[in-house]
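Please walk me through the surroundings of the ligand in this model, and through the pockets of the protein.

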Amino acid sequence: MRNLVVFASGSGSNFQSIIDAIKNGELNAQITGLVSDRDNIQAIERAQQNRIPVYISNPASFNSQDMYAINLIKKLTEWKTDLIVLAGYLKKIPSSLIEAYPKRILNIHPSLLPKYGGKGFYGIRVHQAVLDAKEKESGCTVHLVTEEFDEGPVLDQIKVPVKPKDSPKDLANRVLKQEHKLYPEVIQNYLSTLN
Ligand code: GRF
């Protein structure tokens, strides 16, 4: 059985889709922990409802990125982590953590990367930019995490149409629905490629 550790900073609806896929037998893994940079978020409630241990670690409380990474790695080792799954985690992943888990960190992004990714493209801003550019389609992408924001190799994507009267929220909801389908599938496929 492979161990997943999810990182989240917000509502955690993708976290929930992974929990549900495991319960339904669509994803053969277990979640050994949730890491967050903040308290009082819905993702933590979801963890508590599912008896998943929570670790809150705010990079601002450490003297350096390295100290923050060392502290996280200790927890990830304790949780016997095989794969780190970023699900709406808003803090930068320190280089030493990426080095400690090479090709073992996945992220989901609410656009068709490489479009509308990188610094500043998060949350509703992504969808606003897609609408401003009058794109005909958008979607979501799961990719491996590397040093540069949203630039690691793409594992898979799902496309959705952009409709003429869409608000950013309409588009966000349409994309999010597909994220919930895409992420568990990609995690399952990716785990089957690991030694
Ligand atoms: C998702 O849109 C995801 O693509 C992005 O952050 C959002 C997280 O949403 N990285 P949720 O917390 O999973 O509901």
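**The ligand and its pocket**

A backbone N or O atom of Ile-108 lies 2.9 Å from a nitrogen atom of the ligand, a polar contact being a pair of N or O atoms within 3.5 Å. This is a predicted model, in which local features need pLDDT of at least 70 and side-chain atom pairs count only at pLDDT 80 or more, whereas totals for chains, interfaces and linings use all residues. Residues are numbered from 1 along each chain as its sequence is written, and side-chain values use heavy atoms, with hydrogens and water left out.

Oxygen atoms of the ligand also pair with side chains: an N or O atom of Ser-13 is 2.5 Å from one, and an N or O atom of Glu-179 is 2.7 Å from one. Taken alone the ligand exposes 370 Å², of which the protein buries 80% (Shrake-Rupley method, 1.4 Å probe).

The ligand sits in the largest pocket, in the sense that more than half of its atoms lie within 2 Å of the pocket's grid points. A pocket is here an open set of points on a 1 Å grid over the protein atoms alone, where a 1.4 Å probe fits, with protein on both sides within 12 Å along at least five of seven lines, and lining residues have an atom within 4 Å of a point. About 930 Å³ of space lies in this largest pocket, measured out as the space filled by probe spheres set on the points, which are joined across faces, edges and corners. Of its 40 lining residues, Gly-88, Leu-90, Pro-110, Tyr-122 and Gly-123 are the closest to its centre.

Methods
A polar contact is a pair of N or O atoms within 3.5 Å; within protein, one must be able to donate a hydrogen and the other to accept it, and residues adjacent in sequence count only if both atoms are side-chain atoms.
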